[in-house]
Amino acid sequence: ISRMTLHKSRQEVSPSPHHHEQVAVQHLAEVLPDRAPFHLFALKDFVEPSGRRYEIDAIVVAPRAVFLIEIKGHPAHFKGDSVDWDVQWNDGRRPITIANPVNLTNTKAKVLGSALERRLGTVDRPHVQALVFLSDTAASIDSAHNADFCVVTRHNLVRALVDGAFPGATSRVATNVIDTPRGARIVDALR
């Protein structure tokens, strides 16, 4: 049986000025199994060949996919659809509407997937899966209108990363296999 809490040698984490990101990344490290192929990269910038820069909150190399994770630390309930989310604050603040962050996270995942294909080749390219992690302990999301597709909370984060089971998971996640040697090649390509 694997112990939880990812060993420091399997973590490459840059500092963040945002407390909620630090807490969320620490939580990721604490819940990931300490075994191959699991590896955590966090709080990195990624530059595509065109020069466009993307901020990446976290990347987890896991047995079913490379997960590109956008962290949202709002203590709130989210509802909406695949385009917009209504944020209903738990402290009673006035609700706001934001763009569903899965859309930008999907774009980042596609860019990262293309970069990995350039480095690893078509055959060894892993599936890069976008996930939004609602990291606050009180965060929740309404499942109506697909608002929760590719979104996890602390309640289903481990199942998503270990088993590839989350709302909106596709067969690509279920059939993708990243074993220890392939995981090591992916980690090297991400450095």
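In this predicted model, Gly 51 sits in the loop that runs between β2 and β3 (53-61). With a relative accessible area of 47%, Gly 51 falls just under the 50% cut-off for exposed, so it counts as partly exposed. Pairing Gly 51 with Val 158 gives a feel for the span of the fold: the two are 107 residues apart in sequence, and their C-alpha atoms are 34 Å apart in space.

Strand β2, on one side of that loop, holds a residue with an unusual backbone. Most residues other than glycine have a negative phi, and most peptide bonds are trans. Leu 43 goes the other way on phi, with a positive value of about 60° even though it is not a glycine. This leucine belongs to strand β2, and its relative accessibility of 15% is under 20%, which means that it counts as buried. Asn 146 also has a positive phi, near 65°, and is likewise not a glycine. Its setting is the loop between β9 and β10, where Asn 146 is partly exposed at a relative accessible area of 40%. The peptide bond has its own exception: Ala 36 and Pro 37 are joined in cis, with omega at about 10°. Pro 37 is part of the loop between α1 and β2.

Now to the charged residues. Side chains of opposite charge can pair when their charged atoms come close. The count here comes to 10 salt bridges. In one of them, the side chains of Asp 34 and Arg 10 meet with an N to O distance of 3.4 Å. That pair ties together distant parts of the chain, 24 residues apart: Asp 34 is in the loop between α1 (19-31) and β2 (39-47), while Arg 10 is in the segment before β1 (11-13). Arg 10 is partly exposed, with a relative accessible area of 23%.

Another salt bridge brings Asp 45 together with Arg 53, at 3.5 Å from N to O. Here the aspartate is partly exposed, at a relative accessible area of 48%, and Arg 53 is exposed, at 52%. Lys 72 and Glu 70 make a further salt bridge, again described by its N to O distance, 3.4 Å. Lys 72 has 21% relative accessibility and so counts as partly exposed, whereas Glu 70, at 12%, is buried. Salt bridges can also share partners, and in this way Glu 12, Asp 188 and Arg 191 are joined into one network.

What, then, of a buried charge that has no salt bridge? Asp 148 is such a case. It lies in the loop between β9 (140-141) and β10 (151-153). The nearest side chain of opposite charge belongs to Arg 159, and that is 11 Å away. A salt bridge needs a side-chain nitrogen within 4 Å of a carboxyl oxygen, so at 11 Å Asp 148 and Arg 159 do not make one. Beyond the residues up to four places away in sequence, Asp 148 touches Ile 141, Asp 142, Ser 143 and Pro 167.

Arg 159 itself is placed in helix α3 (residues 157-163). Its relative accessibility is 54%, and because that is over 50% Arg 159 counts as exposed. Leaving aside neighbours within four places in sequence, Arg 159 is in contact with Gly 164 and Ala 165. As for distance across the model, Arg 159 and Thr 97 are 62 residues apart in sequence and 29 Å apart in space, C-alpha to C-alpha.

Last comes the empty space. Rolling a probe the size of a water molecule over the atoms shows where such space is left. The largest pocket holds about 230 Å³. It is lined by 13 residues, and the closest to its centre are Asn 106, His 127, Val 128, Gln 129 and Arg 172. Two or more lining residues come from each of α2 (102-120) and β8 (128-134). Sorted by class, the lining is made up of 5 nonpolar, 5 polar and 3 charged residues.

Note on methods: Residues are numbered from 1 along each chain as its sequence is written. This is a predicted model: local features need pLDDT of at least 70, side-chain atom pairs count only at pLDDT 80 or more; totals for chains, interfaces and linings use all residues. Side-chain values use heavy atoms; hydrogens and water are left out. Helices (H or I, at least four residues) and strands (E, at least two) are DSSP runs, numbered from the N terminus. Buried means under 20% relative accessible area, exposed over 50%, partly exposed in between (1.4 Å probe, protein chains only). Lys and Arg count as positive and Asp and Glu as negative; His and the chain ends are not counted. Contact means heavy atoms within 4.5 Å. On a 1 Å grid over the protein atoms alone, a cavity is a set of points where a 1.4 Å probe fits but cannot get out, and a pocket is an open set with protein on both sides within 12 Å along at least five of seven lines; lining residues have an atom within 4 Å of a point. Grid points are joined across faces, edges and corners, and a volume is the space filled by probe spheres set on the points. Ala, Val, Leu, Ile, Met, Phe, Trp, Tyr, Cys and Pro count as nonpolar, Asp, Glu, Lys and Arg as charged, and the others, Gly among them, as polar.
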